[in-house]
Number of protein chains: 2
Amino acid sequence: MVIDKRSGVPVYRQIAADIRERITSGEYAPGAQLPSEQDLTATYDVSRPTIRDAVGLLRAEGVVYSQHGRGVFVTPPRKVQRLSRSRLSKAARQENKGAFLGDAAAGGFTPSTTVKIRFEPADERTAELLGIQPGTEVTVRDRVMRADGLAVQLAVSRLPREFTRGTPIEETNTGPGGAYGRLEEAGQEFAPFEEIVRARMPSPEEASTLQLAEGVPVLHVTRIARNTNGVALEVNDMILAADRYELGYEIRTD
Amino acid sequence: MVIDKRSGVPVYRQIAADIRERITSGEYAPGAQLPSEQDLTATYDVSRPTIRDAVGLLRAEGVVYSQHGRGVFVTPPRKVQRLSRSRLSKAARQENKGAFLGDAAAGGFTPSTTVKIRFEPADERTAELLGIQPGTEVTVRDRVMRADGLAVQLAVSRLPREFTRGTPIEETNTGPGGAYGRLEEAGQEFAPFEEIVRARMPSPEEASTLQLAEGVPVLHVTRIARNTNGVALEVNDMILAADRYELGYEIRTD
DNA sequence: AAGTGGTCTAGACCACTAT
DNA sequence: TAGTGGTCTAGACCACTTA
């Protein structure tokens, strides 16, 4: 009973800190069930909403998760998949059918992808990233990647339509080597890709399609592919569950 | 009044969705104040805890923030600083005193840094990343970087002590070019750096030192510096507020 | 059927900010 | 002083899981 109601620190935060410490100390092991809310109200001698505030804090931190009707559990460490961005090399593209399918082979899961293709005028941001006029028609490939049926990655790829017209890039199946393979066939030569990495909390839609637990942010990766003349060919926005992925980059020092 | 109490969707989620939509539609502009909780209880005809649940959801998403005694406000878009990792090049190192000071010049803020140096036996993870035996003595440089007095970045750098003994790396001030400069002076030649990027919710300590708002994750970047023989010289764990930083990488396609 | 967490009510008192 | 959000209580009823 480490709760001091006169300390000025809110009781629910003191309780959260106490439980958090019991977790890090190993008293509550990974995957273990916490005492029920009723038990906790008794041990800390507070009302249930106060206990729920405390547990809610830990959930927002991703330290615990709760299952309706079952209980509250210590979040076990996730096994994380490393996405080594060097796999975007030309050689890797030629071997695999696309980046995601290559990961599947490495990760040992069954991949599946849903693709929706549409054409739309470039919005402000897309236009700036691609270096084109807003309103220029772009081909949009909107993909949901699944591993063993579970959605794990969202990707929206936009290319000026002038580069995709008459190619399989406007089809569901782009063929071996993916869209990049088709662009190379059309004579394009790639400059180094640029990737911009951000993190934020998911929108409700993202949280539900990726089935994210509370307290799990998403990684938002924007890739810009340019040819050797500096002309942008594609901008690809990828959303990844941060508890399932980490990104590996190599930085040349020369 | 878009609330349907018999729809099965929790009322507080419906209210949150309604407010969220009013924000994205522009009815509540960035920085604008939301109606008070009392007003919201009246307009949605629910009790205050229900309103608080709804607003709490939006806070956890980082969509709004609240100030005690003032009100709840729409989170305005942050101006984000791009950290282009190519600045780790040898040339950049020679010009600037260190990566962070280089950023300061670009960002136009006054930088300050607090460094704490200690020596400790390598733990499991450090040993594995550095390719050394657990327990081997490592030099730890624990830094808090501030911009205009506000902590914006935490960095913990660990190097096998054999590479730092007798060098300014064991001092607060490492001199021009930072620790990497000293390692090069000692004859080390760097292989490409490896960086691993993760995102997660902050610990309470991180949240308070970085003064993070609710619903703001952190970027956790682990950099491993090796010499051309593949020997790891340093592992550097950096924690960045995700609403203030984005990371830029370049990926060679050859 | 029993136990769990999820939702919601109707209050109370407090701390902070503004005027 | 008035208005705001922050904390906390003591219940109620529901939905879900497990046995």
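What follows is a friendly exchange about a predicted model of protein chains with DNA.

Modeller: A word on conventions: residues count from 1 along each chain as its sequence is written, while chains are lettered from A and ligands numbered from 1 in the order written. Local features need pLDDT of at least 70, side-chain atom pairs count only at pLDDT 80 or more, totals for chains, interfaces and linings use all residues, and side-chain values use heavy atoms, with hydrogens and water left out.

Colleague: Which residues come nearest to DNA strand D?

Modeller: A residue is near the strand if one of its heavy atoms lies within 4 Å of it. By class, that surface has six nonpolar, eleven polar and eight charged residues; Ala, Val, Leu, Ile, Met, Phe, Trp, Tyr, Cys and Pro count as nonpolar, Asp, Glu, Lys and Arg as charged, and the others, Gly among them, as polar. Of the 25 residues around DNA strand D, the nearest are V11(A), S47(A), T50(A), H68(A) and R48(B).

Colleague: What lies 3.4 Å from a polar side-chain atom of R48(A)?

Modeller: Sugar or phosphate accounts for 72% of the atoms of DNA strand D within 4 Å of the protein, and bases for the rest. A polar contact is a pair of N or O atoms within 3.5 Å; within protein, one must be able to donate a hydrogen and the other to accept it, and residues adjacent in sequence count only if both atoms are side-chain atoms. Side-chain N or O atoms of Y12(A) and R52(B) are 2.9 Å and 2.8 Å, respectively, from a phosphate oxygen of the strand. For R48(A), the partner is a base nitrogen of DNA strand D.

Colleague: Which residue is the bridge partner of V64(A) in strand 2 of chain A?

Modeller: Strands here are DSSP runs of E with at least two residues, numbered from the N terminus, and two strands pair if DSSP finds at least two bridges between them. Strand 1 (64-67) and strand 2 (71-74) of chain A pair in the antiparallel sense over four bridges. They form a hairpin with three residues between them, where G69(A) has a positive phi of about 85°. The partner of V64(A) is V74(A).

Colleague: Which strands stand at the edges of the eight-strand sheet?

Modeller: The open sheet has mixed pairing and the order 3(A)-10(A)-7(B)-8(B)-9(B)-6(B)-5(B)-4(B). Each edge strand has a single partner strand, so one side of each is left without a neighbour in the sheet; the two are strand 3 (81-84) of chain A and strand 4 (111-121) of chain B.

Colleague: What relation links chain B to chain A?

Modeller: Superposed by least squares on C-alpha atoms of residues with pLDDT of at least 70 in both, chain B can be laid on chain A with an RMSD of 0.1 Å by a turn of 180° and a shift of 0.1 Å along the axis. That is the relation of a two-fold axis.
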